[in-house]
Amino acid sequence: MTTTTKRRHKQVVQLRFELPGTARLKDLRPLLEQITPQVQLLEPDSAVLDVTGALRFWHRDASEIARLIQLRAAAHHGVRTAAAAAPSRMVAAMACALTDPGQLRTVEPSDVEMFLRPRPIGELPGVGPSSARLLSQYGVHTVGGLADIPVATAQRLLGARTGRTLHDRAHGHDQRPVVTEPVARSTSAEHRFDLDELDPGQHRQALLHLAGQLGTRMRGDAQVATGLTIIVRYVDGATTTRSRTLAEATHHTTLLARCAYDLYDTLGLQRARVRSVALRGDRLLLAEHATRQLTFDHTVDKALLIEAVQDRARQRYGTDVIKPAALAERRRAAWGRWTFEQPLSRELKAIDSASLLGLEKRACDLGLS
């Protein structure tokens with residue numbers, strides 16, 4: 001005996017409000033949350049709702065729920081609304097952009113390919129003007145044209161990550177969730193030197209410290225950064241900025257520091273008098289929505305897992321209880337050797353950071369479990 005289970009598609013409603021001069025988008029949130037708690041406001045005039053879990057409660061499909069919202073927005077706030085219902089955020093947003101206020105457009109799961117293929121390539125989310133021009137030079141003028149080329153070709157033209165993402169979107173695949181709580185777009189930290197600093201070693205040491213601050217902050221907020229920016233300010237007030245998209249979204253200090261070092265090396269500073277250096281994590285996402293490429297290098301996994309123990313130690317004993325050796329304050333003794341300004345405690349010296357099992361056992365001994 002065999003049974004089959006019908007696949008349940010996500011149901012997303014995209015709304016674009018025609019707000020009068022005195023109305024604000026956040027004033028409409030209570031009305032939308034009466035339909036479903038899965039509401040994300042998109043300033044200045046749009047909102048997206050995941051109504052998958054509300055279908056049975058309202059005994060309506062997604063398009064009927066969208067029509068209900070339009071009626072309530074007009075009755076209670078005098079606001080006309082363009083609405084679209086589709087099985088993903090991307091398709092719903094594209095359909096809503098083509099819908100006039102007061103109208104409703106529905107794209108069924110079986111009609112996604114038919115809807116996407118004739119659309120101009122510039123309408124696909126993530127394709128900017130430069131990418132659209134590049135694709136047009138190679139004969140890709142529509143979303144269907146991008147879907148027809150091999151993914152390897154798209155990656156050669158647009159880059160590995162961007163090419164894969166846009167190729168998937170051209171096929172209608174978009175797994176982005178509706179984020180109910182607003183996530184900060186970026187987070188930054190800055191280090192200002194006591195004196196204008198010439199030493200590249202001190203610059204890199206500051207970057208390591210800033211990467212640690214950003215990593216700890218993002219792990220505490222359950223966020224990850226998809227990009228990193230370094231900002232160097234010189235003695236004359238001039239600044240240099242370098243940015244890079246990370247290979248994969250992360251909040252791990254080791255990976256952030258590695259990228260920061262690479263960005264610093266691209267500056268090619270020659271005895272530059274640096275007054276301050278800042279590091280910024282860009283395009284933050286919720287950590288639960290991030291993915292990481294698995295590897296067979298267990299030392300990498302151990303180093304990343306150790307950060308969780310370090311964070312718990314810092315929460316209990318202070319931020320300076322554990323730090324990289326490169327950031328330990330040192331002084332020159334009378335006999336010429338370098339020594340730690342503040343010696344490490346016996347307990348912390350006993351931690352074997354090379355062994356995850358030994359570290360976890362030591363964490364239990366220190367009362368961190």
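**Exercise 1. How many residues does helix H3 have, and how far does H3 reach from its first C-alpha to its last?**

Ground rules come before the solution. This is a predicted model, where local features need pLDDT of at least 70, side-chain atom pairs count only at pLDDT 80 or more, and totals for chains, interfaces and linings use all residues. Residues are numbered from 1 along each chain as its sequence is written, and side-chain values use heavy atoms, leaving out hydrogens and water.

Step 1. Helices are DSSP runs of H or I with at least four residues, strands are runs of E with at least two, and both are numbered from the N terminus.
Step 2. H3 covers residues 62–77, which is 16 residues.
Step 3. The expected span is 1.5 Å times one less than the number of residues.
Step 4. H3 reaches 22 Å, close to the 22 Å expected.
Step 5. Just after H3, Gly78 has a positive phi of about 65 degrees.

**Exercise 2. Find the buried residues of H3 and what they pack against.**

Step 1. Buried means under 20% relative accessible area, with exposed over 50% and partly exposed in between (1.4 Å probe, protein chains only).
Step 2. The buried residues of H3 include Ala62, Ile65, Leu68 and Ala73.
Step 3. They pack (contact: heavy atoms within 4.5 Å) against several elements, among them strand S1 (12–18), helix H1 (29–33) and strand S4 (80–86).

**Exercise 3. Describe the largest nonpolar core.**

Step 1. Such a core is a set of buried Ala, Val, Leu, Ile, Met, Phe, Trp, Tyr and Cys residues joined through side-chain atoms within 4.5 Å.
Step 2. The largest core holds 31 residues; Val91, Val107, Phe115, Leu116, Leu124 and Leu146 touch the most other members.
Step 3. H4 gives the most to this core, with 6 residues.
Step 4. Take Val91. Beyond its neighbours within four places in sequence, Val91 is in contact with Ala86, Val107, Val112 and Phe115.
Step 5. A second, separate core has 29 residues, including Val232, Leu256, Ala272 and Val274.

**Exercise 4. Check the length of helix H11 and list its buried residues.**

Step 1. H11 (residues 253–267) has 15 residues, so at 1.5 Å a residue it should span 21 Å.
Step 2. Its end C-alpha atoms are 21 Å apart, which agrees.
Step 3. Thr253, Leu256, Ala257, Cys259, Ala260, Tyr261, Leu263, Tyr264 and Leu267 are buried in H11.
Step 4. Gly268 follows H11, with a positive phi near 60 degrees.
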